[in-house]
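User: Got a model open here and I'd like to talk through a few bits of it. Can we start with the cysteines?
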Amino acid sequence: MKAIDFFKRHPLLFILLFVILMWGGQYALRGFWEPDEARFVYVAREMADTGNWAVPQRHGEAYGHKPPLMFWLINAGSAVLPSPFGERLPNLVGAALALLAVYGIGRRIRGAGTGLLACVIVSTAVQFWETCGIGQIDALLTGLELSAFYLLVSGQSVRRTACASLLMGLAVLAKGPVGLIIPLGSFLAFKWGGKERIGMGAGKWALVFALSLAVPAVWLAFAALGSGTDAYFKEILFSQNLSRAAGSYGHVKPVWYYLFRLPGDFMPWTLFLPPAAVFLYKTDRMQLRRLCAWCLFVVVFFSIPVSKRGVYIMTAFPPLALILACAASSIRENRYCRGVAVLFAFLVPAVFAAVSMVLFFPWTRWLIEERVSEYAAVQLPDFVPFHMCFLVSLAFSAGVLAGIRKGSWFVRFCLFVSAVFSLCSWIVYPAFNELKEPMEMKEIAQKYIPEDGRLLLYDIYGETLALHAGRTGKRLDTDAEMLNAMQIEEHGVAVFLDKDAENLDARFGCLTGDGGTFAMGSKVYVWKVFDLQPEAY
(Lines give C-alpha, C1' and ligand atoms only; values in the text may rest on other atoms or scores of the structure.)
Protein backbone atom coordinates (compact mmCIF):
# COMPACT_ATOMS: atom_id res chain seq x y z
CA MET A 1 0.00 0.00 0.00
CA LYS A 2 2.88 2.38 0.71
CA ALA A 3 4.19 1.83 -2.81
CA ILE A 4 0.73 2.54 -4.28
CA ASP A 5 0.41 5.73 -2.24
CA PHE A 6 3.88 6.80 -3.36
CA PHE A 7 3.07 6.31 -7.03
CA LYS A 8 -0.24 8.12 -6.62
CA ARG A 9 1.78 11.14 -5.54
CA HIS A 10 4.36 10.66 -8.34
CA PRO A 11 2.42 9.36 -11.38
CA LEU A 12 5.02 10.52 -13.91
CA LEU A 13 7.70 8.44 -12.19
CA PHE A 14 5.38 5.43 -12.14
CA ILE A 15 4.61 5.74 -15.85
CA LEU A 16 8.25 6.09 -16.88
CA LEU A 17 9.28 3.09 -14.78
CA PHE A 18 6.33 1.09 -16.04
CA VAL A 19 7.14 1.87 -19.69
CA ILE A 20 10.71 0.65 -19.16
CA LEU A 21 9.45 -2.45 -17.35
CA MET A 22 6.93 -3.34 -20.05
CA TRP A 23 8.87 -2.46 -23.21
CA GLY A 24 12.44 -1.62 -22.20
CA GLY A 25 13.72 -5.08 -23.11
CA GLN A 26 12.48 -4.74 -26.66
CA TYR A 27 13.76 -1.19 -26.93
CA ALA A 28 17.27 -2.12 -25.78
CA LEU A 29 17.78 -5.78 -26.74
CA ARG A 30 15.64 -6.66 -29.73
CA GLY A 31 16.91 -6.04 -33.26
CA PHE A 32 15.10 -4.17 -36.02
CA TRP A 33 12.55 -6.64 -37.29
CA GLU A 34 10.73 -6.41 -40.57
CA PRO A 35 8.57 -5.23 -42.06
CA ASP A 36 7.69 -1.86 -40.50
CA GLU A 37 10.41 -1.31 -37.92
CA ALA A 38 13.38 -2.04 -40.16
CA ARG A 39 11.81 0.02 -42.95
CA PHE A 40 11.31 3.08 -40.76
CA VAL A 41 14.83 2.94 -39.31
CA TYR A 42 16.26 2.50 -42.81
CA VAL A 43 14.27 5.47 -44.18
CA ALA A 44 15.34 7.60 -41.21
CA ARG A 45 19.02 6.74 -41.74
CA GLU A 46 18.77 7.52 -45.43
CA MET A 47 17.15 10.83 -44.50
CA ALA A 48 20.11 11.63 -42.25
CA ASP A 49 22.68 10.45 -44.82
CA THR A 50 21.20 12.54 -47.63
CA GLY A 51 20.40 15.56 -45.46
CA ASN A 52 16.92 15.74 -47.00
CA TRP A 53 14.89 16.37 -43.85
CA ALA A 54 11.67 17.44 -45.57
CA VAL A 55 11.12 14.50 -47.96
CA PRO A 56 11.94 11.01 -46.64
CA GLN A 57 13.89 8.73 -48.98
CA ARG A 58 13.91 4.97 -49.53
CA HIS A 59 16.52 3.44 -51.85
CA GLY A 60 17.28 6.94 -53.15
CA GLU A 61 13.67 7.69 -54.08
CA ALA A 62 11.04 9.80 -52.33
CA TYR A 63 9.11 7.75 -49.75
CA GLY A 64 5.54 9.04 -49.72
CA HIS A 65 3.92 6.36 -47.58
CA LYS A 66 4.23 8.29 -44.30
CA PRO A 67 4.83 11.89 -43.14
CA PRO A 68 8.24 12.60 -41.60
CA LEU A 69 7.64 12.94 -37.83
CA MET A 70 8.50 9.31 -37.06
CA PHE A 71 11.75 9.56 -39.02
CA TRP A 72 12.73 12.82 -37.34
CA LEU A 73 12.28 11.27 -33.90
CA ILE A 74 14.23 8.14 -34.87
CA ASN A 75 17.15 10.32 -35.92
CA ALA A 76 16.84 12.46 -32.78
CA GLY A 77 16.88 9.37 -30.57
CA SER A 78 19.81 7.77 -32.37
CA ALA A 79 21.79 11.00 -31.97
CA VAL A 80 21.58 11.00 -28.16
CA LEU A 81 20.96 7.36 -27.17
CA PRO A 82 22.74 4.09 -28.03
CA SER A 83 21.31 1.83 -30.70
CA PRO A 84 18.80 0.20 -30.84
CA PHE A 85 17.25 2.06 -27.89
CA GLY A 86 17.73 5.43 -29.55
CA GLU A 87 15.85 4.49 -32.71
CA ARG A 88 12.89 3.49 -30.56
CA LEU A 89 12.45 6.94 -29.04
CA PRO A 90 9.10 7.35 -30.89
CA ASN A 91 7.81 4.20 -29.18
CA LEU A 92 8.86 5.42 -25.76
CA VAL A 93 7.35 8.87 -26.35
CA GLY A 94 4.11 7.41 -27.69
CA ALA A 95 3.70 4.87 -24.87
CA ALA A 96 4.48 7.44 -22.15
CA LEU A 97 2.11 10.05 -23.61
CA ALA A 98 -0.66 7.48 -23.98
CA LEU A 99 -0.35 6.28 -20.37
CA LEU A 100 -0.14 9.84 -19.04
CA ALA A 101 -3.38 10.64 -20.85
CA VAL A 102 -5.09 7.48 -19.57
CA TYR A 103 -3.94 8.28 -16.04
CA GLY A 104 -5.21 11.84 -16.32
CA ILE A 105 -8.64 10.77 -17.56
CA GLY A 106 -8.92 8.06 -14.90
CA ARG A 107 -7.95 10.53 -12.17
CA ARG A 108 -10.67 12.94 -13.32
CA ILE A 109 -13.24 10.14 -13.30
CA ARG A 110 -12.51 8.29 -10.06
CA GLY A 111 -9.16 9.40 -8.65
CA ALA A 112 -5.45 8.63 -8.96
CA GLY A 113 -5.82 4.95 -8.08
CA THR A 114 -8.24 4.41 -10.96
CA GLY A 115 -5.89 6.21 -13.32
CA LEU A 116 -2.91 4.06 -12.36
CA LEU A 117 -4.94 0.85 -12.61
CA ALA A 118 -6.25 1.83 -16.05
CA CYS A 119 -2.63 2.38 -17.19
CA VAL A 120 -1.68 -1.14 -16.14
CA ILE A 121 -4.76 -2.67 -17.78
CA VAL A 122 -4.42 -0.93 -21.14
CA SER A 123 -0.67 -1.66 -21.26
CA THR A 124 -1.29 -5.37 -20.87
CA ALA A 125 -3.93 -5.65 -23.58
CA VAL A 126 -2.32 -7.81 -26.26
CA GLN A 127 -2.54 -5.39 -29.19
CA PHE A 128 -1.58 -2.31 -27.17
CA TRP A 129 1.48 -4.03 -25.69
CA GLU A 130 2.55 -5.44 -29.05
CA THR A 131 2.24 -2.11 -30.87
CA CYS A 132 4.10 -0.07 -28.26
CA GLY A 133 7.00 -2.54 -28.35
CA ILE A 134 7.34 -2.90 -32.12
CA GLY A 135 8.56 0.21 -33.95
CA GLN A 136 5.33 1.13 -35.70
CA ILE A 137 4.02 4.67 -36.10
CA ASP A 138 0.77 3.73 -34.38
CA ALA A 139 2.28 3.87 -30.88
CA LEU A 140 3.43 7.45 -31.43
CA LEU A 141 0.14 8.33 -33.11
CA THR A 142 -1.88 6.89 -30.22
CA GLY A 143 0.13 8.84 -27.65
CA LEU A 144 -0.40 12.13 -29.48
CA GLU A 145 -4.11 11.46 -30.08
CA LEU A 146 -4.83 10.48 -26.48
CA SER A 147 -2.89 13.46 -25.11
CA ALA A 148 -4.90 15.84 -27.30
CA PHE A 149 -8.13 14.12 -26.25
CA TYR A 150 -7.24 14.44 -22.57
CA LEU A 151 -6.54 18.16 -22.90
CA LEU A 152 -9.86 18.69 -24.68
CA VAL A 153 -11.97 16.86 -22.09
CA SER A 154 -10.12 18.33 -19.09
CA GLY A 155 -11.15 21.91 -19.88
CA GLN A 156 -11.45 24.33 -22.77
CA SER A 157 -9.12 27.10 -21.69
CA VAL A 158 -7.29 28.80 -24.55
CA ARG A 159 -3.98 27.31 -23.39
CA ARG A 160 -5.27 23.75 -23.21
CA THR A 161 -7.06 24.10 -26.52
CA ALA A 162 -3.91 25.42 -28.16
CA CYS A 163 -1.78 22.60 -26.73
CA ALA A 164 -4.33 20.01 -27.86
CA SER A 165 -4.35 21.54 -31.34
CA LEU A 166 -0.57 21.40 -31.63
CA LEU A 167 -0.59 17.75 -30.51
CA MET A 168 -3.18 16.97 -33.17
CA GLY A 169 -1.01 18.75 -35.73
CA LEU A 170 1.90 16.53 -34.72
CA ALA A 171 -0.38 13.49 -34.97
CA VAL A 172 -1.24 14.51 -38.54
CA LEU A 173 2.49 14.84 -39.17
CA ALA A 174 2.87 11.29 -37.86
CA LYS A 175 0.20 9.50 -39.90
CA GLY A 176 -2.11 11.83 -41.72
CA PRO A 177 -5.66 13.17 -41.17
CA VAL A 178 -6.66 10.53 -38.60
CA GLY A 179 -4.43 12.42 -36.17
CA LEU A 180 -7.04 15.20 -36.20
CA ILE A 181 -10.23 13.22 -36.78
CA ILE A 182 -9.84 10.67 -33.97
CA PRO A 183 -9.18 13.08 -31.04
CA LEU A 184 -11.94 15.49 -32.11
CA GLY A 185 -14.44 12.72 -32.86
CA SER A 186 -13.66 10.94 -29.58
CA PHE A 187 -14.05 14.23 -27.69
CA LEU A 188 -17.46 14.90 -29.24
CA ALA A 189 -18.62 11.32 -28.61
CA PHE A 190 -17.41 11.49 -24.99
CA LYS A 191 -19.33 14.72 -24.40
CA TRP A 192 -22.50 13.60 -26.15
CA GLY A 193 -22.41 10.26 -24.35
CA GLY A 194 -22.57 12.13 -21.06
CA LYS A 195 -25.19 14.55 -22.40
CA GLU A 196 -22.84 17.47 -21.73
CA ARG A 197 -22.41 20.73 -23.56
CA ILE A 198 -19.41 20.80 -25.88
CA GLY A 199 -18.21 24.05 -24.32
CA MET A 200 -16.32 25.29 -27.38
CA GLY A 201 -17.39 28.37 -29.27
CA ALA A 202 -16.62 29.27 -32.87
CA GLY A 203 -13.41 31.05 -31.85
CA LYS A 204 -11.95 27.97 -30.18
CA TRP A 205 -12.97 25.72 -33.05
CA ALA A 206 -11.20 28.10 -35.42
CA LEU A 207 -8.13 27.95 -33.16
CA VAL A 208 -8.21 24.15 -33.18
CA PHE A 209 -8.26 23.85 -36.95
CA ALA A 210 -5.83 26.72 -37.54
CA LEU A 211 -3.11 25.38 -35.23
CA SER A 212 -3.57 21.68 -35.98
CA LEU A 213 -3.40 22.24 -39.75
CA ALA A 214 -0.59 24.78 -39.51
CA VAL A 215 1.89 22.13 -38.33
CA PRO A 216 1.64 19.88 -41.42
CA ALA A 217 1.24 22.96 -43.65
CA VAL A 218 4.66 24.25 -42.59
CA TRP A 219 6.23 20.89 -43.39
CA LEU A 220 4.51 20.73 -46.80
CA ALA A 221 5.83 24.20 -47.60
CA PHE A 222 9.40 23.12 -46.85
CA ALA A 223 8.89 19.93 -48.84
CA ALA A 224 7.63 21.93 -51.82
CA LEU A 225 10.67 24.20 -51.64
CA GLY A 226 12.93 21.16 -51.40
CA SER A 227 12.80 17.97 -53.44
CA GLY A 228 9.07 17.29 -53.22
CA THR A 229 7.62 16.43 -56.65
CA ASP A 230 4.04 16.40 -57.86
CA ALA A 231 4.06 12.59 -57.69
CA TYR A 232 5.25 12.72 -54.08
CA PHE A 233 2.53 15.15 -52.99
CA LYS A 234 -0.11 13.15 -54.84
CA GLU A 235 0.92 10.03 -52.98
CA ILE A 236 1.30 11.56 -49.51
CA LEU A 237 -1.89 13.65 -49.70
CA PHE A 238 -4.26 11.42 -51.65
CA SER A 239 -3.04 7.90 -52.43
CA GLN A 240 -2.01 7.14 -48.85
CA ASN A 241 -5.38 8.30 -47.51
CA LEU A 242 -8.17 7.79 -50.05
CA SER A 243 -6.61 4.85 -51.90
CA ARG A 244 -5.55 3.14 -48.68
CA ALA A 245 -9.05 3.52 -47.22
CA ALA A 246 -10.45 2.00 -50.41
CA GLY A 247 -8.21 -1.05 -49.99
CA SER A 248 -5.71 -0.34 -52.76
CA TYR A 249 -2.83 -1.19 -50.41
CA GLY A 250 -4.32 -4.39 -49.04
CA HIS A 251 -5.73 -5.23 -45.58
CA VAL A 252 -9.21 -5.53 -47.12
CA LYS A 253 -11.63 -6.66 -44.42
CA PRO A 254 -15.45 -6.80 -44.04
CA VAL A 255 -17.34 -4.08 -42.19
CA TRP A 256 -17.83 -6.32 -39.13
CA TYR A 257 -14.09 -7.10 -38.86
CA TYR A 258 -13.55 -5.29 -35.53
CA LEU A 259 -16.47 -7.06 -33.87
CA PHE A 260 -14.28 -10.16 -33.88
CA ARG A 261 -10.86 -8.49 -33.81
CA LEU A 262 -11.36 -6.18 -30.84
CA PRO A 263 -12.20 -8.89 -28.26
CA GLY A 264 -9.05 -10.83 -29.15
CA ASP A 265 -6.83 -7.76 -29.20
CA PHE A 266 -8.01 -6.65 -25.75
CA MET A 267 -7.31 -10.02 -24.14
CA PRO A 268 -7.03 -11.05 -21.38
CA TRP A 269 -9.19 -8.16 -20.15
CA THR A 270 -12.06 -8.85 -22.56
CA LEU A 271 -13.14 -11.68 -20.27
CA PHE A 272 -13.65 -9.23 -17.38
CA LEU A 273 -15.63 -6.63 -19.34
CA PRO A 274 -19.20 -8.02 -19.07
CA PRO A 275 -19.44 -7.95 -15.24
CA ALA A 276 -17.60 -4.61 -15.15
CA ALA A 277 -20.07 -3.06 -17.61
CA VAL A 278 -23.03 -4.43 -15.65
CA PHE A 279 -21.64 -2.94 -12.44
CA LEU A 280 -21.14 0.50 -14.00
CA TYR A 281 -24.59 0.34 -15.59
CA LYS A 282 -26.06 0.00 -12.11
CA THR A 283 -23.83 2.50 -10.30
CA ASP A 284 -22.65 5.14 -12.79
CA ARG A 285 -24.64 4.90 -16.00
CA MET A 286 -23.51 8.27 -17.34
CA GLN A 287 -19.84 7.32 -17.02
CA LEU A 288 -20.48 4.06 -18.83
CA ARG A 289 -22.25 5.91 -21.66
CA ARG A 290 -19.36 8.34 -22.08
CA LEU A 291 -16.72 5.62 -22.21
CA CYS A 292 -18.78 3.42 -24.53
CA ALA A 293 -19.49 6.35 -26.86
CA TRP A 294 -15.75 7.08 -27.06
CA CYS A 295 -14.90 3.46 -27.84
CA LEU A 296 -17.80 3.09 -30.28
CA PHE A 297 -16.78 6.16 -32.29
CA VAL A 298 -13.29 4.77 -32.89
CA VAL A 299 -14.55 1.33 -33.89
CA VAL A 300 -17.31 2.63 -36.17
CA PHE A 301 -15.03 5.18 -37.85
CA PHE A 302 -12.44 2.57 -38.79
CA SER A 303 -15.11 0.03 -39.77
CA ILE A 304 -16.26 2.23 -42.66
CA PRO A 305 -13.09 2.09 -44.85
CA VAL A 306 -12.41 -1.14 -46.72
CA SER A 307 -8.83 -1.33 -45.41
CA LYS A 308 -8.62 -2.37 -41.75
CA ARG A 309 -5.90 -3.42 -39.31
CA GLY A 310 -5.96 -4.12 -35.61
CA VAL A 311 -3.57 -1.25 -34.82
CA TYR A 312 -6.01 1.28 -36.26
CA ILE A 313 -8.28 1.09 -33.20
CA MET A 314 -5.64 1.50 -30.50
CA THR A 315 -7.52 4.49 -29.04
CA ALA A 316 -10.54 2.24 -28.40
CA PHE A 317 -8.64 0.36 -25.70
CA PRO A 318 -8.32 3.15 -23.05
CA PRO A 319 -12.09 3.56 -22.53
CA LEU A 320 -12.41 -0.20 -22.06
CA ALA A 321 -9.53 -0.14 -19.57
CA LEU A 322 -11.21 2.73 -17.71
CA ILE A 323 -14.45 0.72 -17.47
CA LEU A 324 -12.52 -2.10 -15.81
CA ALA A 325 -10.61 0.25 -13.51
CA CYS A 326 -13.82 1.97 -12.40
CA ALA A 327 -15.41 -1.41 -11.67
CA ALA A 328 -12.40 -2.95 -9.90
CA SER A 329 -14.26 -3.45 -6.62
CA SER A 330 -17.04 -5.39 -8.37
CA ILE A 331 -14.58 -7.51 -10.35
CA ARG A 332 -12.77 -8.44 -7.16
CA GLU A 333 -15.98 -9.87 -5.67
CA ASN A 334 -17.23 -11.60 -8.82
CA ARG A 335 -16.95 -15.40 -8.80
CA TYR A 336 -16.68 -15.66 -12.59
CA CYS A 337 -13.79 -13.16 -12.65
CA ARG A 338 -11.99 -15.08 -9.93
CA GLY A 339 -12.34 -18.22 -12.03
CA VAL A 340 -10.82 -16.48 -15.05
CA ALA A 341 -7.87 -15.32 -12.94
CA VAL A 342 -7.27 -18.84 -11.63
CA LEU A 343 -7.39 -20.22 -15.18
CA PHE A 344 -4.73 -17.80 -16.39
CA ALA A 345 -2.63 -18.37 -13.27
CA PHE A 346 -2.40 -22.06 -14.19
CA LEU A 347 -2.34 -21.71 -17.97
CA VAL A 348 0.52 -19.22 -18.49
CA PRO A 349 3.21 -21.07 -16.44
CA ALA A 350 2.07 -24.30 -18.08
CA VAL A 351 2.66 -22.82 -21.55
CA PHE A 352 6.14 -21.59 -20.59
CA ALA A 353 6.92 -24.98 -19.07
CA ALA A 354 5.76 -26.84 -22.19
CA VAL A 355 7.79 -24.66 -24.55
CA SER A 356 10.84 -24.94 -22.28
CA MET A 357 10.61 -28.74 -22.23
CA VAL A 358 10.15 -28.96 -26.00
CA LEU A 359 13.23 -26.82 -26.60
CA PHE A 360 15.27 -28.65 -23.95
CA PHE A 361 15.38 -32.05 -25.67
CA PRO A 362 17.42 -32.28 -28.92
CA TRP A 363 15.07 -34.78 -30.50
CA THR A 364 11.99 -32.58 -30.05
CA ARG A 365 13.89 -29.60 -31.46
CA TRP A 366 14.92 -31.70 -34.45
CA LEU A 367 11.36 -32.93 -34.96
CA ILE A 368 9.95 -29.40 -35.05
CA GLU A 369 12.63 -28.08 -37.40
CA GLU A 370 12.16 -31.01 -39.76
CA ARG A 371 8.37 -30.75 -39.78
CA VAL A 372 8.22 -27.03 -40.56
CA SER A 373 11.40 -26.66 -42.64
CA GLU A 374 9.29 -27.36 -45.72
CA TYR A 375 7.39 -24.12 -45.08
CA ALA A 376 9.88 -21.90 -43.25
CA ALA A 377 13.52 -21.56 -42.34
CA VAL A 378 13.57 -22.34 -38.63
CA GLN A 379 16.25 -21.64 -36.06
CA LEU A 380 14.78 -22.32 -32.64
CA PRO A 381 16.04 -20.32 -29.64
CA ASP A 382 17.63 -21.87 -26.60
CA PHE A 383 15.36 -23.30 -23.90
CA VAL A 384 16.91 -21.22 -21.09
CA PRO A 385 14.85 -18.03 -21.66
CA PHE A 386 11.60 -19.98 -21.50
CA HIS A 387 12.78 -21.87 -18.42
CA MET A 388 13.38 -18.54 -16.65
CA CYS A 389 9.96 -17.29 -17.79
CA PHE A 390 8.35 -20.40 -16.33
CA LEU A 391 9.93 -19.88 -12.91
CA VAL A 392 9.09 -16.17 -12.70
CA SER A 393 5.52 -16.59 -13.96
CA LEU A 394 5.01 -19.46 -11.53
CA ALA A 395 5.98 -17.21 -8.62
CA PHE A 396 3.53 -14.50 -9.69
CA SER A 397 0.76 -17.02 -10.35
CA ALA A 398 1.23 -18.37 -6.83
CA GLY A 399 0.65 -14.82 -5.59
CA VAL A 400 -2.61 -14.63 -7.54
CA LEU A 401 -3.83 -17.93 -6.11
CA ALA A 402 -2.94 -16.81 -2.59
CA GLY A 403 -4.79 -13.55 -3.17
CA ILE A 404 -7.97 -15.36 -4.19
CA ARG A 405 -8.49 -16.45 -0.59
CA LYS A 406 -7.59 -13.04 0.81
CA GLY A 407 -9.76 -11.03 -1.59
CA SER A 408 -6.79 -9.05 -2.95
CA TRP A 409 -6.43 -11.07 -6.13
CA PHE A 410 -7.25 -8.40 -8.74
CA VAL A 411 -4.21 -6.22 -8.07
CA ARG A 412 -2.06 -9.34 -7.91
CA PHE A 413 -3.52 -10.53 -11.20
CA CYS A 414 -2.61 -7.17 -12.76
CA LEU A 415 0.95 -7.64 -11.50
CA PHE A 416 0.97 -11.21 -12.84
CA VAL A 417 -0.11 -10.14 -16.35
CA SER A 418 2.38 -7.25 -16.29
CA ALA A 419 5.16 -9.66 -15.31
CA VAL A 420 4.29 -12.02 -18.17
CA PHE A 421 4.44 -9.26 -20.76
CA SER A 422 7.62 -7.90 -19.21
CA LEU A 423 9.21 -11.35 -19.52
CA CYS A 424 8.26 -11.46 -23.17
CA SER A 425 9.86 -8.03 -23.65
CA TRP A 426 13.10 -8.69 -21.79
CA ILE A 427 13.65 -12.41 -22.46
CA VAL A 428 11.41 -14.03 -25.08
CA TYR A 429 11.49 -11.53 -27.95
CA PRO A 430 15.28 -10.92 -27.86
CA ALA A 431 15.77 -14.70 -28.03
CA PHE A 432 14.43 -14.62 -31.61
CA ASN A 433 16.87 -12.00 -32.92
CA GLU A 434 18.95 -14.50 -34.89
CA LEU A 435 15.82 -15.81 -36.57
CA LYS A 436 14.35 -12.40 -37.40
CA GLU A 437 17.48 -10.52 -38.55
CA PRO A 438 19.81 -11.06 -41.54
CA MET A 439 22.99 -11.12 -39.48
CA GLU A 440 25.06 -12.27 -42.48
CA MET A 441 24.45 -9.10 -44.49
CA LYS A 442 26.95 -6.94 -42.61
CA GLU A 443 29.87 -9.28 -43.30
CA ILE A 444 28.79 -9.83 -46.91
CA ALA A 445 28.57 -6.09 -47.56
CA GLN A 446 31.92 -5.32 -45.97
CA LYS A 447 33.62 -7.97 -48.08
CA TYR A 448 31.97 -7.48 -51.46
CA ILE A 449 30.22 -4.09 -51.72
CA PRO A 450 32.18 -0.81 -51.96
CA GLU A 451 31.27 1.80 -49.35
CA ASP A 452 29.60 3.94 -52.02
CA GLY A 453 28.03 0.93 -53.72
CA ARG A 454 24.43 -0.21 -53.59
CA LEU A 455 22.84 -3.50 -52.60
CA LEU A 456 20.81 -4.78 -55.55
CA LEU A 457 17.47 -6.36 -54.59
CA TYR A 458 15.47 -8.44 -57.05
CA ASP A 459 11.70 -7.83 -56.74
CA ILE A 460 11.99 -7.06 -53.01
CA TYR A 461 12.21 -3.81 -51.13
CA GLY A 462 14.56 -5.44 -48.62
CA GLU A 463 14.92 -2.52 -46.22
CA THR A 464 16.03 -4.95 -43.53
CA LEU A 465 18.77 -6.32 -45.77
CA ALA A 466 20.02 -2.86 -46.76
CA LEU A 467 19.86 -1.66 -43.16
CA HIS A 468 22.05 -4.49 -41.87
CA ALA A 469 24.36 -4.25 -44.87
CA GLY A 470 24.94 -0.56 -44.16
CA ARG A 471 24.44 0.22 -47.86
CA THR A 472 21.72 1.98 -49.83
CA GLY A 473 19.50 -0.56 -51.55
CA LYS A 474 18.02 -0.55 -55.03
CA ARG A 475 14.97 -2.57 -56.05
CA LEU A 476 14.93 -4.10 -59.54
CA ASP A 477 11.80 -5.86 -60.81
CA THR A 478 13.05 -7.57 -63.98
CA ASP A 479 16.16 -9.32 -65.26
CA ALA A 480 16.82 -6.45 -67.66
CA GLU A 481 16.70 -3.90 -64.86
CA MET A 482 19.01 -6.04 -62.72
CA LEU A 483 21.54 -6.41 -65.56
CA ASN A 484 21.50 -2.67 -66.17
CA ALA A 485 22.06 -1.98 -62.46
CA MET A 486 24.94 -4.48 -62.41
CA GLN A 487 26.57 -2.62 -65.30
CA ILE A 488 26.29 0.66 -63.42
CA GLU A 489 27.62 -0.73 -60.14
CA GLU A 490 30.29 -2.92 -61.83
CA HIS A 491 30.99 -4.84 -58.61
CA GLY A 492 28.77 -5.82 -55.68
CA VAL A 493 26.05 -8.15 -54.42
CA ALA A 494 22.59 -9.01 -55.71
CA VAL A 495 19.99 -10.64 -53.45
CA PHE A 496 17.08 -12.80 -54.60
CA LEU A 497 14.29 -14.67 -52.88
CA ASP A 498 14.79 -18.40 -53.35
CA LYS A 499 11.71 -18.57 -55.62
CA ASP A 500 13.37 -16.09 -58.03
CA ALA A 501 16.83 -17.67 -57.92
CA GLU A 502 16.54 -20.33 -60.64
CA ASN A 503 19.21 -20.43 -63.39
CA LEU A 504 20.99 -17.34 -62.11
CA ASP A 505 24.25 -18.12 -63.93
CA ALA A 506 22.43 -18.36 -67.24
CA ARG A 507 20.36 -15.22 -66.63
CA PHE A 508 23.25 -13.09 -65.38
CA GLY A 509 26.58 -13.85 -66.99
CA CYS A 510 28.60 -11.58 -64.69
CA LEU A 511 28.24 -13.66 -61.51
CA THR A 512 31.59 -14.68 -60.00
CA GLY A 513 30.49 -17.86 -58.28
CA ASP A 514 30.75 -16.40 -54.79
CA GLY A 515 27.48 -16.41 -52.92
CA GLY A 516 25.25 -18.39 -50.64
CA THR A 517 21.89 -18.54 -48.89
CA PHE A 518 20.56 -17.36 -45.56
CA ALA A 519 17.21 -17.41 -43.82
CA MET A 520 15.24 -14.66 -42.15
CA GLY A 521 12.00 -15.70 -40.53
CA SER A 522 10.02 -17.72 -43.07
CA LYS A 523 12.01 -16.38 -46.04
CA VAL A 524 15.11 -17.82 -47.69
CA TYR A 525 17.40 -15.46 -49.60
CA VAL A 526 20.07 -16.21 -52.19
CA TRP A 527 22.95 -13.75 -52.56
CA LYS A 528 25.38 -13.63 -55.44
CA VAL A 529 28.49 -11.56 -56.12
CA PHE A 530 28.75 -9.92 -59.55
CA ASP A 531 31.85 -8.40 -61.17
CA LEU A 532 32.21 -6.96 -64.65
CA GLN A 533 34.01 -4.32 -66.69
CA PRO A 534 31.95 -1.70 -68.51
CA GLU A 535 33.96 -2.17 -71.76
CA ALA A 536 32.77 -5.76 -71.93
CA TYR A 537 29.38 -4.45 -72.87
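User: Is C132 buried or exposed?
Analyst: Keep in mind that this is a predicted model. C132 counts as buried because its relative accessibility is 1%.
User: And how many disulfides are there?
Analyst: The count is zero. C132 is in no disulfide, and the nearest cysteine sulfur, in C119, is 11 Å away.
User: What about C389, why no bond there?
Analyst: The closest cysteine sulfur to that of C389 belongs to C424, at 6.3 Å, so they're too far apart for a bond. The cut-off is 2.5 Å between the sulfur atoms. C389 is buried too, with a relative accessible area of 0%.
User: OK, switching to the sheet. What's the strand order?
Analyst: β4-β3-β5-β7-β6, five strands in an open sheet with mixed pairing.
User: Which ones stand at the edges?
Analyst: β4 (472-476) and β6 (511-520). Each has a single partner strand, so one side of each has no neighbour in the sheet.
User: How are neighbouring strands turned against each other?
Analyst: By 25 degrees on average, ignoring direction.
User: In which sense do β3 and β5 pair?
Analyst: Parallel, over two bridges, with β3 covering residues 454-458 and β5 covering 491-497. Within that pair, L456 sits opposite A494 of β5.
User: Which strands does α23 lie across?
Analyst: Helix α23, residues 440-448, lies across β3, β5, β6 and β7 (523-531). Relative to β5, the helix runs at about 150 degrees.

How values were computed:
Residues are numbered from 1 along each chain as its sequence is written. This is a predicted model: local features need pLDDT of at least 70, side-chain atom pairs count only at pLDDT 80 or more; totals for chains, interfaces and linings use all residues. Side-chain values use heavy atoms; hydrogens and water are left out. Two strands pair if DSSP finds at least two bridges between them. Helices (H or I, at least four residues) and strands (E, at least two) are DSSP runs, numbered from the N terminus. Axes are lines fitted to C-alpha atoms, for helices over the stretch in contact, and angles run from 0 to 180 degrees between N-to-C directions. Contact means heavy atoms within 4.5 Å. Buried means under 20% relative accessible area, exposed over 50%, partly exposed in between (1.4 Å probe, protein chains only).
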